[in-house]
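Below is a short note for a colleague who has the model open. The points are numbered and can be read alongside the coordinates.

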Amino acid sequence: MRRIISVLLENESGALSRVAGLFSARGYNIESLTVAATEDSTLSRLTMVTRGNDAVIEQILKQLNKLIDVVKVVDITEGAHLEREVILVKVQAKGSEARDEMMRLIEIFKGKIVDVTETTYTLEMTGDSAKISSFLEGLKNTKILETVRSGITGISRGKSALRA
Amino acid sequence: MLRSHNERLLNKRSGVELSGAEIVVQSLVDEGVEFVFGYPGGATLHIYDAIFKHDGINHILTRHEQGAAHAADGYTRSTGNTGVVLVTSGPGATNVVTGIATAHMDSIPMVIITGQVMTQLIGNDAFQEADIVGITRPCVKHNMLIKDVKNIASAIKKAFHIAETGRPGPVLVDIPKDITAEKTQYVYPKSVSMRSYQPRVKGNDRQIKRGLEMLLAAERPVIYTGGGAVLADAHKELTEFARYIGAPVTNTLMGLGAYPASDKQFLGMLGMHGTYEANMAMYEADLIFAVGARFDDRVTGDLTKFSPRARFVQIDIDPASISKNVKTDVPIVGDVKVVLLQCLEALKNLEKPEAERTSKWWQQIAQWRGENCLKFDSTSQFIKPQQVIKSLCEITGGDAIVTSDVGQHQMWAAQYYDFDKPRRWINSGGLGTMGFGLPAAMGAQFGNPDAQVACVTGDGSILMCIQELATCLQYKLPIKIICLNNRYLGMVRQWQEFFYEQRYSHTYMDSVPDFVALSESFGHVGMRIENPGDVDGALKEAFDLKDRLVFMDIVTDQGENVFPMIPAGAGHSEMVLRPEENLKPGELS
Ligand SMILES: Cc1ncc(C[n+]2csc(CCOP(=O)(O)OP(=O)(O)O)c2C)c(N)n1
Ligand SMILES: [Mg+2]
């Protein structure tokens, strides 16, 4: 099963490599991993997407908790949650027909054109992984010059908050 | 103990301006550290100078950094006090990695201080630079690089706190040389509190009650205990608990001594080279009550055949050790000693177990015991290694501290020496590190100056840290080295005999040194024993030499193998008891 795991960790040098090292040492897979500072400058928040059966996920959560720098760990896929990823795509956009087509697609996915040249558009789109996939599906007949994805971040719905 | 003696010195220099190097030394003194095992070098010059000037610290110079780490480890395993290692950057640091990994696998608390190149040189491939924090990350409980002299004292305090609490383990503190020269006001913190690290000590009372009810209702219970019971110093509680319940007890290789071997409820060790009765009882049990044991693959054999009819209650301080290999029905997270005390308390409110309930079980066990699985040919013209260990046990009154290396001799020591007390059996169970035995014996002798310390080793293993004989001379350590010399890397040869059609690829030890001459050249006493009739007398003679190290080169039966044995990939009920029985090659690992 695909899980999104959120980790609050001490903002210390080496903390991220401990998490990454744990995954490689124990053979867990990471589909994506994002990390950045939080409103509390002593803490970083890390989000990772992984896959495994229940026993593997249980071990992943326990092993993460065991790391000294880790303050809190939650599997946000256990409850209602939001997930978001940003994708930036540089595409070929030559001629008015192609350019109009691109505008329509962006409209449908509520994305943005964030950079323009005579021959290219750079598109930005935010969404969960399903939406990103269908957006990319929509670009099937377009020549993609470059894509970059931020990796997935997520947060639980409702009042409860992940804090130290 | 020195800890209390050091109370007097505690924080004597608090508030005084000290250099980073002096802070390192003073912090160790204020922590109550008795011994530092180490080896100097460029990056630790300031620290060694501070040691020179301080009279409150006892530094032991080993002959190899690996020896320092194993010595600290042996000191810890035999005393319960955290061992401290001090080495220089680069090669000094990489040389301790095996020792750190050894301690890590067996959950031994240790604090390792490594010198590092100057801060401004880090990352420049400077002379003797190694990213030791990166290198050791997977084999320490935690590690840190100090970037400010103001943080040294608190980092050292934190290192001890992390190493000793929760599931113990090694913690490494890497200190750049320039930081040991800078000065700041010294204050050693009295305590640490960390929001990210709060190990659980007390067990959940409801879970405890559930687990006990299952144990009391079981008809074929087994209490299976591991290194956790030794580390938690829970032997008294465990013995009281097991006797009250009346269930059979088996110990892992790491757990020997936590329950008295001579007790009638004891089944012996379990696992690959465990006893028939212990493994059969595990196989037939309806309830396994695990105490500080982690269901290691050398214990369980093939998991699909492991205790097929049992339910599991598991006490462990490390939540990640629970349900890792075997799904636990009742997990109890907490310190083994604290939880066992809670169990003893909770039992007062539960009905006392009737002996009746398990009487059939005990009859069955008596039958298994009747197999006499540890018997061996005692009429041979060659010295039987098993007999050597039995004699060693007798001559030392079963009360020696026995360290071992890795191989057949290790298994024979575990099988034939009856450990009635904890912290007497010291071996590298998890990592299986050849070279551990001698330096570990040094640490044990430092920690227990009046104890008889024996290192049971092999002709292969002893050479891996043989240089420590020089340390033994310098500090006059009267260790007795019992080298079961079979001219083979015996344990590997055994596998080649059984599973590789006797193709002895690189396991015959050609050119084994003259150990007697070698020991004498190091200033010790050497003995060579070749006849079965001479073993007892030689052992007595050696142990009578109270102030000398004696190297006993005991020439044993070359072809002897360790039995019983569960071939890898087989289950507990598929033990091979004797050499005559055919070994079915399982999946090799
Ligand atoms: C550092 C290290 N290298 C290799 C091994 C693999 N190994 C396990 S037992 C063994 C043979 C040990 O020989 P010896 O010390 O003579 O003991 P014996 O089995 O003959 O009693 C070897 C090579 C190991 N455990 N540790
Ligand atoms: Mg040998």
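**Note on the chain B–chain A interface and the magnesium site**

1. Chain B places 18 residues in contact with 19 residues of chain A, contact meaning heavy atoms within 4.5 Å. This is a predicted model, where local features need pLDDT of at least 70 and side-chain atom pairs pLDDT 80 or more, while totals for chains, interfaces and linings use all residues. Residues are numbered from 1 along each chain as its sequence is written, chains are lettered from A and ligands numbered from 1 in written order, and side-chain values use heavy atoms, without hydrogens and water.

2. About 1,400 Å² is buried between chain B and chain A, 46% of it on carbon and sulfur atoms; buried area is the accessible area (1.4 Å probe) lost by two parts on being put together, summed over both. On the chain B side, B:Arg137, B:Arg195 and B:Ser196 lose the most area, together 43% of what that side buries.

3. Three salt bridges link the two chains (a side-chain nitrogen of Lys or Arg within 4 Å of a carboxyl oxygen of Asp or Glu). One of them joins B:Arg195 to A:Asp40, with the closest N and O atoms 3.8 Å apart.

4. The magnesium ion (ligand 2) has as protein donors B:Asp459 (OD), B:Asn486 (OD1) and B:Tyr488 (O), lying 2.1 Å from it. Donors are N, O and S atoms within 2.8 Å of the metal (3.2 Å for Na, K and Ca); water is not among the atoms, so the site may look incomplete. The spacing of the donor residues in sequence is D-x26-N-x1-Y.

5. Two of these donor residues are buried: B:Asn486 at 7% relative accessibility and B:Tyr488 at 15%. Buried means under 20% relative accessible area, exposed over 50%, and partly exposed in between (1.4 Å probe, protein chains only).
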